[in-house]
Amino acid sequence: MHLSGRRVTRSSQILQVQSIKTEKPPDASSETPASKLGRKVKNLTRADDTAKPENKITVKKENPEDSGSKTKRVHSSIQYETDNKLPVIEIKQEIDEEQFEKELKWEPTFWHEQLVNIREMRKAKDAPVDSMGCDQLGDGEASPQEFRYQILLSLMLSSQTKDQVTAAAMYRLREHGCSVSNILKTKDDKLGRLIHPVGFWNKKVQYIKRTTQILQDKYNSDIPDTVKTLCELPGVGPKMAHLVMRSAWGQLTGIGVDTHVHRISNRLGWVKTKQPEQTQKALEDWLPREYWEEVNHLLVGFGQQTCLPVNPKCQQCLNVNICPSANIVSRRKKIKTEK
């Protein structure tokens, strides 16, 4: 007798009887083999703590990939050999890959408590990024195309530059006329005076001019609408691209990681990385997506006010007892004082 395709559901898991092979017992009772089989399968779906000592249980794990489908499955099969009179049953357990990865995904120990504390410390919203961040520097009364262009320029200017300096430069550009056509008409030396003293202002003049020319020629004086095409522009990297997508296009495509986010994520033990690009990938691997939108703004302001690059204010931080870097900073200060 051979049966296949019967399914027994337990919670979210799928138990599938894959193959059953047996011979009819010589002295079969009035109970049919199918009813015996159904009873036995039903018992196997529960924790079988009544199994006889002579019974054999074999567990095999495998991770096949179906080349015809994008969905991977993690399988675990159990062979249960009862006795000579009852069938050999193989039960296959299928778990969706996404659920499997979610269960195994690593997370920092205190990350949620740390994030809640940072929100509390940032609730006044009085850090420079709150009023002079790049998402605040576009002219809300300009056309949508000009507004998006100004968001892009503000992010290009912000690299290696304090928010106050970036904001002042953007106000001067807006007074001058911050549109694709007008910037292309502006001579390089004039543009340099308008954006000075942002970091690397002389290089940024060239980046702005080249990028603006590309926007006019290729994008009808608008900006690209994907991370990939934004990163193809001179002077634009992944951090800027993700922030542009969020601020200019209203699309959440990833976490923007600048020096503040990179530094604080490592101090909190959220990642162990050397470069901001590595931090972005590491954060996105474990941080739930619903927190992506706020994490950049929260950590940048936190880094401007409390978790400073040099001499962080650990004793004023609500995370002092759950931050792996707090004790290290305190010991360094103590050693420095003793010397």
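**View 1. Arg-263 sits in helix H12.** Helices here are DSSP runs of H or I with at least four residues, strands are runs of E with at least two, and both are numbered from the N terminus. This is a predicted model, with residues numbered from 1 along each chain as its sequence is written. Local features need pLDDT of at least 70 and side-chain atom pairs count only at pLDDT 80 or more, while totals for chains, interfaces and linings use all residues, and side-chain values use heavy atoms, with hydrogens and water left out. Is Arg-263 buried or exposed? Arg-263 is buried, because its relative accessible area is 15%; buried means under 20%, exposed over 50%, and partly exposed in between, with a 1.4 Å probe and protein chains only.

**View 2. Here are the partners of Arg-263.** Beyond four places in sequence, Arg-263 is in contact (heavy atoms within 4.5 Å) with Gly-303, Cys-307, Leu-308 and Pro-309. Gly-303 is 40 residues away from Arg-263 in sequence, yet their C-alpha atoms are 8.4 Å apart. Closer to home, the side chains of Arg-263 and His-260 share a polar contact of 3.0 Å. A polar contact is a pair of N or O atoms within 3.5 Å; within protein, one must be able to donate a hydrogen and the other to accept it, and residues adjacent in sequence count only if both atoms are side-chain atoms.

**View 3. Zoom out to helix H12, residues 259-267.** Of its 9 residues, 7 are buried: His-260, Val-261, His-262, Arg-263, Ile-264, Ser-265 and Arg-267. Helix H13 (276-286) and helix H14 (292-305) are among what covers them. At the start of H12, a side-chain oxygen of Asp-258 comes to within 3.2 Å of the backbone nitrogen of His-260. After H12 comes Gly-269, which has a positive phi near 85°.

**View 4. The largest pocket has a volume of about 1200 Å³.** On a 1 Å grid over the protein atoms alone, a pocket is an open set of points with protein on both sides within 12 Å along at least five of seven lines; a cavity is a set where a 1.4 Å probe fits but cannot get out, and lining residues have an atom within 4 Å of a point. Grid points are joined across faces, edges and corners, and a volume is the space filled by probe spheres set on the points. The pocket is lined by 49 residues, the closest to its centre being Lys-239, Leu-243, Asp-258, Asn-296 and Val-300. Which helix gives the most to this lining? H14 does, with 9 residues; H12 and H13 are among the helices that each supply at least two.

**View 5. There is 1 cavity of 30 Å³ or more.** It holds about 150 Å³ of space. Its lining counts 16 residues, of which Phe-302, Cys-307, Cys-314, Cys-317 and Cys-323 are the closest to the centre. H12 and helix H15 (326-338) each supply at least two lining residues.

**View 6. Confidence varies along the protein, which averages a pLDDT of 80.** pLDDT is the predictor's confidence in each residue, from 0 to 100, and 66% of the residues score at least 70. Among the elements, helix H7 (residues 180-185) has the highest mean, 98, and strand S3 (residues 13-21) the lowest, 41. Residues 1-25 stay under 50, and residues 44-78 are also below 50. Where pLDDT is low, the predicted coordinates should not be read in detail.
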